[in-house]
Amino acid sequence: MSFITTLIGTIAFAIIAPIVGCLLAGLDRIISARMQGRVGPPILQPYYDVRKLIAKDNVTVSGVDGVYMSAALVFTAFAGGIFFSGGNLLMSAFIITMAGLFFIMAAYSSRSPYAELGAGRETVQVMSYEPMVLLMAVCFYMAAGTFNVGSVFGLNAPVILYTIPAFIGFLFILTIKLRKSPFDLSTSHHAHQELVRGTTTEMSGKTLAKVEIMHWCETVLFLGWTGMFFIWGGPLSLILGIVVALAAWFFEIWIDNNFARVKWQAMLKSAWTVALVCGGINIIVLMLV
């Protein structure tokens, strides 16, 4: 894959992903509201919120949190560009982790005790889901013969046939990556969960808008990871991949609205246990096949 292809993919992702992610965020609010017996806001409410944030004056404590969030947003777009242009899955996973680290640094830079606590919890979340992400990428490599996502269109069968345990493990940590309850320890999308929003406590204006846009792009990327397991042989299988990704997204919303938040110790232990069992079993099976 050439640099030009990656660059074009990154630019396309930076334009399309926020639009799709914004619509998904609006649908998320509506579906959550219906599950709770409410009507919910309009589907474009996330866009209205971000537009209002962008129009506000920048008020910052440290002066560098906006720079860190800009870096996080760029790395997120780059990770999405690599993936959706058919590039290296492992590289995409590493770069999106870098974006998460810049997000943590932005929270730490404020020196607020609430933001620092949120940053610490965000770090624990990264430690929790990263092993399963790496094992998922390894299982994909062993099943497809390459880390390049574009190779799935040349397969005779979808990768999911050989990676069911890894896919189950990925669905488990997807709840953490999407910051859904019961693993929304660092910050919450629901107002009733907490009065102080952890990592974003001291962020406002354009900086907070960057956080929301980054979350929209992350959602699109992670759903892309979900759908790639079901794509093979040609573009028509994209429909199946999209349907499965949306089904997984709806399942995460259902979990978010039906489970209470757990302690970080339970999250860390459960995520590592799932990674060891699901990832380990899948690698052993693929080695024997």
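This is a short tour of a predicted model, one selection at a time.

**Stop 1: helices H3 and H4**

Start by selecting helix H3, residues 65-84, together with helix H4, residues 89-108. Their axes come within 8 Å and cross at roughly 165°. An angle over 145 degrees counts as roughly antiparallel, so H3 is roughly antiparallel to H4. While you have the pair on screen, look at the handedness: H3 passes H4 in a left-handed crossing.

Now show the side chains where the two meet. On the H3 side you'll find, among others, Tyr 68, Phe 75, Ala 79 and Phe 83. Facing them from H4 are residues including Leu 89, Ile 96, Phe 102 and Phe 103. Color this contact by class and you get 19 nonpolar residues, two polar and one charged.

**Stop 2: helices H2 and H7**

Next, pick helix H2, residues 45-55, and helix H7, residues 205-228. These two pack at an angle of about 150°, with axes 7 Å apart. That angle makes H2 roughly antiparallel to H7. The crossing of H2 over H7 is left-handed.

Zoom in on Pro 46, Tyr 47, Val 50, Leu 53 and Ile 54, which are the H2 residues in this contact. Their partners in H7 include Lys 206, Leu 208, Glu 212 and Trp 216. What classes of residue make up the contact of H2 with H7? Nine are nonpolar, one is polar and two are charged.

**Stop 3: helices H1 and H7**

Keep H7 selected, hide H2, and bring in helix H1, residues 3-35. Here the packing angle is about 95°, and the axes are 8 Å apart. H1 and H7 are therefore roughly perpendicular to each other.

Along H1, look for Phe 13, Ala 17, Pro 18 and Val 20, which are among the residues that meet H7. From H7, the contact takes in Ile 213, Trp 216, Cys 217 and Leu 221, among others. This contact divides into 13 nonpolar residues, two polar and no charged. Trp 216 and Ile 213 are worth a label, as both also appear in the contact of H7 with H2.

**Stop 4: the nonpolar cores**

Time to look inside. Which residues touch the most other members of the largest nonpolar core? Select Leu 89, Met 136, Ile 173, Leu 221, Trp 225 and Phe 229; the core they belong to has 55 residues. The elements that give two or more residues to this core are H1, H3, H4, H5, H6, H7 and helix H9, residues 264-288. H5 gives the most, with 11 residues.

Center on Leu 221 for a moment. Beyond its neighbors in sequence, Leu 221 touches Phe 13, Ala 79, Gly 80, Phe 83, Phe 84, Ser 92 and Ile 96. Apart from the largest core lies another one, of 15 residues, among them Phe 102, Phe 103, Ala 106 and Leu 208.

**Stop 5: the loop between H6 and H7**

Follow the chain through the loop that joins H6, residues 164-177, to H7. Three places here deserve a click.

- Arg 179, in this loop, has a positive phi of about 60° although it is not a glycine. Is Arg 179 buried or exposed? At 6% relative accessibility, Arg 179 counts as buried.
- Pro 182 also sits in this loop. The peptide bond leading to Pro 182 from Ser 181 is cis, with omega near 15°.
- Thr 199 is in this loop too, and counts as buried because its relative accessibility is 1%. Away from its sequence neighbors, Thr 199 touches Phe 103, Ala 107, Ala 115, Gly 118, Ala 119, Glu 122, Ser 186 and Thr 187.

**Stop 6: two more loops**

Jump to Arg 111, in the loop between H4 and H5. Arg 111 has a positive phi of about 60° without being a glycine. With a relative accessible area of 61%, Arg 111 is exposed.

Finish at Ser 151, in the loop between H5 (113-144) and H6. Ser 151 counts as partly exposed, at 22% relative accessibility. Setting aside its neighbors within four places in sequence, Ser 151 is in contact with Ala 144 and Thr 146. For a last look, draw a line from Ser 151 to Ala 115: they are 36 residues apart in sequence and 42 Å apart in space, C-alpha to C-alpha.

How values were computed
Residues are numbered from 1 along each chain as its sequence is written. This is a predicted model: local features need pLDDT of at least 70, side-chain atom pairs count only at pLDDT 80 or more; totals for chains, interfaces and linings use all residues. Side-chain values use heavy atoms; hydrogens and water are left out. Helices (H or I, at least four residues) and strands (E, at least two) are DSSP runs, numbered from the N terminus. Buried means under 20% relative accessible area, exposed over 50%, partly exposed in between (1.4 Å probe, protein chains only). Contact means heavy atoms within 4.5 Å. Axes are lines fitted to C-alpha atoms, for helices over the stretch in contact, and angles run from 0 to 180 degrees between N-to-C directions. Angles under 35 degrees count as roughly parallel, over 145 as roughly antiparallel, 65 to 115 as roughly perpendicular and the rest as oblique. A crossing is left-handed if the near helix is turned anticlockwise from the far one by less than a right angle, and right-handed if clockwise. Ala, Val, Leu, Ile, Met, Phe, Trp, Tyr, Cys and Pro count as nonpolar, Asp, Glu, Lys and Arg as charged, and the others, Gly among them, as polar. A nonpolar core is a set of buried Ala, Val, Leu, Ile, Met, Phe, Trp, Tyr and Cys residues joined through side-chain atoms within 4.5 Å.
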